[in-house]
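Work through the exercises below with the sequence and the model in view. Try each task before reading its solution.

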Amino acid sequence: MTESQPTAIVFDGVSKSFGSKQVLQEVSFSVMQGETVCLLGRSGTGKSVTLKLLIGLLRPDIGKVLIGQDNISSLEGDDLSRLRRKMGFLFQSAALFDSATLEENLALPLRRLTDKSKSEIEHAVLRALAEVGLAADRYKMPGELSGGMKKRAGLARALVLEPEILLVDEPSSGLDRITASEIDDLLLEQKAKRRTTIVIVTHDVHGARRVGDRFAVLDKARLVAFDTLQCLENHESKTVRTLVGGQ
Ligand SMILES: Nc1ncnc2c1ncn2[C@@H]1O[C@H](COP(=O)(O)OP(=O)(O)OP(=O)(O)O)[C@@H](O)[C@H]1O
Ligand SMILES: [Mg+2]
């Protein structure tokens, strides 16, 4: 990735606290269009908070979050919805609606955020489900799915709007090695086929090394590293080296 490529995401001097707890302190980084960045760090270091700031579910106390040219934290209503349409989000918990079938779960964002017809929606939903290998399960309720299927369903829902930016929070946690690498394959395919900009939070070093172009490491509220694998494997901080699976 070269710096001359257009920027998809800018995190500019972002600080965020909850009560007296400072979760992020002056965090700055940018992600190029089509780049995949893996966000690493110990539990509770603010990785999920970072993704929620990116999608505008949380607002920074200080600093800015730019998606393309837009400062997402200054947008509201229709403007915020329009910007969010460019982004797909897979929550850490998959967060499907338990009382709706898989098909309905995927149709919902299309109905709410696009003016697609009923048949266009059905087509898009089926295609997204097929991409993650769940087409045959379209009428199932989330409660009938295994953990890995739920993750894939959550990913299908994040992809159904064909987002320019995909944000995924621990897509492979709790999954076996094979299922996890299938999820990584899907992410790699998105990247290759659609040049989707991707930010992944993960504890899975093996997967991260496969899909990541650059790696961001959070520690004690600070961004302590943001670079390619090659550079981070030899980083001065042991925490960084361990998180990227170096020596
Ligand atoms: N809405 C909130 N209100 C108050 N505190 C919060 C909120 N969201 C997150 N926090 C706190 O912010 C810190 C970072 O949380 P976050 O969920 O970002 O961690 P994480 O890096 O994703 O951890 P994990 O790897 O366990 O998922 C935690 O101490 C958490 O309790
Ligand atoms: Mg988290």
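## Exercise 1: The strand β3 and its partners

β3 and β8 pair in the parallel sense over four bridges. Two strands count as paired if DSSP finds at least two bridges between them. Helices (H or I, at least four residues) and strands (E, at least two) are DSSP runs, numbered from the N terminus.

The model is predicted, and local features need pLDDT of at least 70, side-chain atom pairs count only at pLDDT 80 or more, while totals for chains, interfaces and linings use all residues. Residues are numbered from 1 along each chain as its sequence is written, chains are lettered from A and ligands numbered from 1 in the order in which they are written, and side-chain values use heavy atoms, with hydrogens and water left out.

Task: Find which residue of β8 stands opposite L39, and which residues of β9 are the bridge partners of C38 and V37.

Solution.
1. In β8, V201 stands opposite L39.
2. Strand β3 (residues 36-41) is joined to strand β9 (residues 214-219) by five bridges, and these two strands run parallel.
3. C38 has F215 as its bridge partner in β9, and V37 has R214.

Task: Decide whether the faces of β3 are covered or open.

Solution.
1. Buried means under 20% relative accessible area, exposed over 50%, and partly exposed in between (1.4 Å probe, protein chains only).
2. In a regular strand the side chains alternate between the two faces of the sheet.
3. T36, C38 and L40 lie on one side of β3 and V37, L39 and G41 on the other; all are buried, and both faces are covered.
4. Six of the six residues of β3 are buried, so β3 is largely enclosed by the rest of the structure.

## Exercise 2: The six-stranded sheet

Task: Give the strand order of the sheet with six strands, and name its edge strands.

Solution.
1. The order is β6-β7-β8-β3-β9-β10, in an open sheet with mixed pairing.
2. β6 (87-90) and β10 (222-227) are the edge strands, and each pairs on one side only.
3. On average, neighbouring strands in this sheet are turned by 15° against each other, direction ignored. Axes are lines fitted to C-alpha atoms, for helices over the stretch in contact, and angles run from 0 to 180 degrees between N-to-C directions.
4. At the β6 edge, β6 and β7 are parallel partners with four bridges, and F89 stands opposite L167 in β7.
5. The faces of β6 are both covered: M87 and F89 on one side, G88 and L90 on the other, are all buried.

## Exercise 3: Two helices on the sheet

Task: State which strands α5 and α6 meet, and how the two helices pack together.

Solution.
1. Helix α5 (residues 147-159) packs on the six-stranded sheet, where it touches β6 and β7 (165-169); its direction makes about 165° with that of β6. Contact means heavy atoms within 4.5 Å.
2. Helix α6 (residues 177-194) lies across β3, β7 and β8 (197-201), and runs at about 160° to β8.
3. Two packed helices are described by the angle between their axes and the distance between the axes.
4. For α5 and α6 the angle is about 10° and the axes are 10 Å apart.
5. That makes α5 roughly parallel to α6. Angles under 35 degrees count as roughly parallel, over 145 as roughly antiparallel, 65 to 115 as roughly perpendicular and the rest as oblique.
6. From α5, the residues in this contact are G148, K151, R152, L155 and L159; from α6, they are T179, I183, L186, L187 and Q190.

## Exercise 4: The four-stranded sheet and α1

Task: Describe the sheet with four strands and the helix that packs on it.

Solution.
1. The strands form an open sheet in the order β2-β1-β4-β5, with antiparallel pairing.
2. β2 (21-32) and β5 (70-71) stand at the edges with a single partner strand each, so one side of each has no neighbour in the sheet.
3. Strand β1 (residues 7-18) runs antiparallel to strand β4 (residues 62-67), joined by five bridges. The bridge partner of I9 in β4 is I67.
4. Helix α1 (residues 47-54) packs on this sheet and touches β1, β2 and β4, at about 120° to the direction of β1.
5. Seven of the eight residues of α1 are buried, so α1 is largely enclosed by the rest of the structure. The buried residues are K47, S48, V49, T50, L51, L53 and L54.
6. Just after α1, G56 has a positive phi of about 85°.
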